[in-house]
There are 2 protein chains.
Amino acid sequence: MTSGQPLPHSQEPTLTIAQVVERTGLSHDTLRYYEKAGLIQRVGRTTGNQRRYAMADLAWLEFLIRLRETGMSIADMQRFAQLRARGDATVPDRLAMLREHRADLADRIHALRRNAAALDDKIGHYERLLDQPGSDDLT
Amino acid sequence: MTSGQPLPHSQEPTLTIAQVVERTGLSHDTLRYYEKAGLIQRVGRTTGNQRRYAMADLAWLEFLIRLRETGMSIADMQRFAQLRARGDATVPDRLAMLREHRADLADRIHALRRNAAALDDKIGHYERLLDQPGSDDLT
DNA sequence: GTAGAACCTGGAGCGCGCTCCAGGTCAAGC
DNA sequence: GCTTGACCTGGAGCGCGCTCCAGGTTCTAC
């Protein structure tokens, strides 16, 4: 993590699409869709035009998965990926996006916890109904 | 809340669809869709066939909204609504559904919190990049 | 009585995030 | 060399949860 210069044409190991499917849980189609959508920059190819993913591609995919799992839309991921492709100058914008997303996420987690508490109440209500039946509940 | 016998033809106040829209945040179309889908039993009508929602309908809608906000699918809500329509005998089944949903919810909340922590790490990474620039990051 | 807003119905359409398909090319083992 | 499976592309299709539309009826205010 000191130089940061990406090694050009390094002999770093690469992965076939099947291996990336296995490691990420994304499907072949989703991987191709993400590439077509610009979420991931065009991935390296063999002379026969088959994809070979670098470890950096894998790391980026895993980050995308995290964004998706926390509810970021494809459109926003596209925006983030475009910023990233433009290089270091966009770090402040990317940071701002992540902070906003993080704040949204905090809100959603809080809402879920409130709803979870209300569900617990409802469950308690049903449990009481089972203990003392015959009250003909319609709730 | 002692008898539980639903009052037939009571003079309980009712709400127009516009009032329910206002109170629930659901749209006219969503309310009609939920009724058509069987999520809510056919709601009372005026002689002119316009809907009049009872307060119990409102309470049930609010519960449905909670289920939806916690990620329950329409199909599962349909199952729950059908159980409810079959009366007290299905209380154990409804309780089981709610408990399962609650457990799923707990899992999802935990996953979100883990992802939130990872996002915080990423944000910290970007903040450090901004403090000591020039490292040509592509992450 | 009349205007205009609110409401009704069945059914088509939409945005999202994939998923599937057809028809072909490429690569690895025998 | 041949087979077989993995991979390629562009584009159509799908499931979900609504949302919109057309064309008609009802309600409310004046």
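**Exercise 1. Which helix gives the most to the surface near DNA strand D, and with how many residues?**

Solution. The structure is a predicted model, and the steps below should be read with that in mind. Begin with the elements that each supply at least two residues of the surface near DNA strand D, which are α1 (17-24) and α2 of chain A together with α2 of chain B. Among the contributors, α2(B) gives the most, with 4 residues. Next, look at individual residues: 21 residues lie around DNA strand D, and those that come nearest are Arg32(A), Arg45(A), Arg51(A), Asp29(B) and Tyr34(B). Sorted by class, this surface has 5 nonpolar, 10 polar and 6 charged residues.

**Exercise 2. Find which part of DNA strand D supplies the atoms within 4 Å of the protein, and name polar atoms of the protein that lie beside the strand.**

Solution. First take the atoms of DNA strand D that are within 4 Å of the protein: 79% of them belong to sugar or phosphate, and the rest belong to bases. Then turn to single atom pairs, beginning with phosphate oxygens. Thr46(B) places a polar side-chain atom 3.2 Å from a phosphate oxygen of DNA strand D, while for Ile74(B) a backbone N or O atom lies 3.3 Å from a phosphate oxygen of that strand. Finally, a polar side-chain atom of Asn49(A) lies 3.4 Å from a sugar or linking oxygen of DNA strand D.

**Exercise 3. Describe the protein surface around DNA strand C, from helices to single atoms.**

Solution. At the level of helices, α2 (28-36) of chain A and, from chain B, α1 (17-24) and α2 (28-36) each supply at least two residues of the surface near DNA strand C, and α2(A) gives the most, with 4 residues. At the level of residues, 21 surround DNA strand C, the closest being Asp29(A), Tyr34(A), Arg32(B), Arg45(B) and Arg51(B). By class there are 5 nonpolar, 10 polar and 6 charged residues in this surface. At the level of atoms, 78% of those of DNA strand C within 4 Å of the protein belong to sugar or phosphate, with the rest in bases. Three pairs involving phosphate oxygens of this strand can be listed:

- Arg45(B) has a polar side-chain atom 3.0 Å from a phosphate oxygen.
- Ile74(A) has a backbone N or O atom 3.3 Å from a phosphate oxygen.
- Ala18(B) has a polar backbone atom 3.4 Å from a phosphate oxygen.

**Exercise 4. Work out the order and pairing of the strands in the sheet of chain B.**

Solution. The sheet is open, and its 3 strands stand in the order β1-β3-β2 with antiparallel pairing. Its edge strands are β1 (14-15) and β2 (44-45) of chain B, each of which pairs on one side only. In general, strands of a sheet pair through backbone hydrogen bonds, either parallel or antiparallel.

Now follow the pairings one at a time. β1(B) is joined to β3(B) by 2 bridges, and here Thr14(B) stands opposite Ala54(B). β2(B) is likewise joined by 2 bridges to β3 (residues 51-54) of chain B; in this pairing Gly44(B) has Arg52(B) as its bridge partner, and Arg45(B) stands opposite Arg51(B). These two strands, β2(B) and β3(B), form a hairpin with 5 residues between them, and in the turn Asn49(B) has a positive phi of about 75°.

**Exercise 5. Which residues of β3(B) lie on the covered face, and which on the uncovered one?**

Solution. Start from the helix: α3 (residues 55-69) of chain B lies across β1 and β3 of chain B, running at about 75° to β3(B). In a regular strand the side chains alternate between the two faces of the sheet. For β3(B), Arg51(B) and Tyr53(B) are on the covered face, whereas Arg52(B) and Ala54(B) are on the uncovered one.

**Exercise 6. Decide whether Asn115(B) is buried or exposed, and identify its partners.**

Solution. Asn115(B) is found in helix α5 (residues 91-131) of chain B. Its relative accessible area is 6%, and because buried means under 20%, Asn115(B) counts as buried. Leaving aside neighbours within four places in sequence, Asn115(B) is in contact with Arg66(A), Glu69(A) and Thr70(A). The side chain of Asn115(B) makes a polar contact with the side chain of Arg66(A) at 2.9 Å, and another with the side chain of Glu69(A) at 3.2 Å.

Technical notes. Residues numbered from 1 in each chain as written. Chains lettered and ligands numbered in written order. Predicted model: local features only at pLDDT ≥ 70, side-chain atom pairs only at ≥ 80, totals over all residues. Heavy atoms only, no water. Pairing = 2+ DSSP bridges. Contact = heavy atoms within 4.5 Å. Axes fitted to C-alpha atoms, helices over the stretch in contact; angles between N-to-C directions. Near = heavy atom within 4 Å. Polar contact = N/O pair within 3.5 Å; in protein donor to acceptor, adjacent residues only side chain to side chain. Nonpolar A, V, L, I, M, F, W, Y, C, P; charged D, E, K, R; others polar. Buried < 20%, exposed > 50% of the residue type's maximum accessible area, 1.4 Å probe, protein only.
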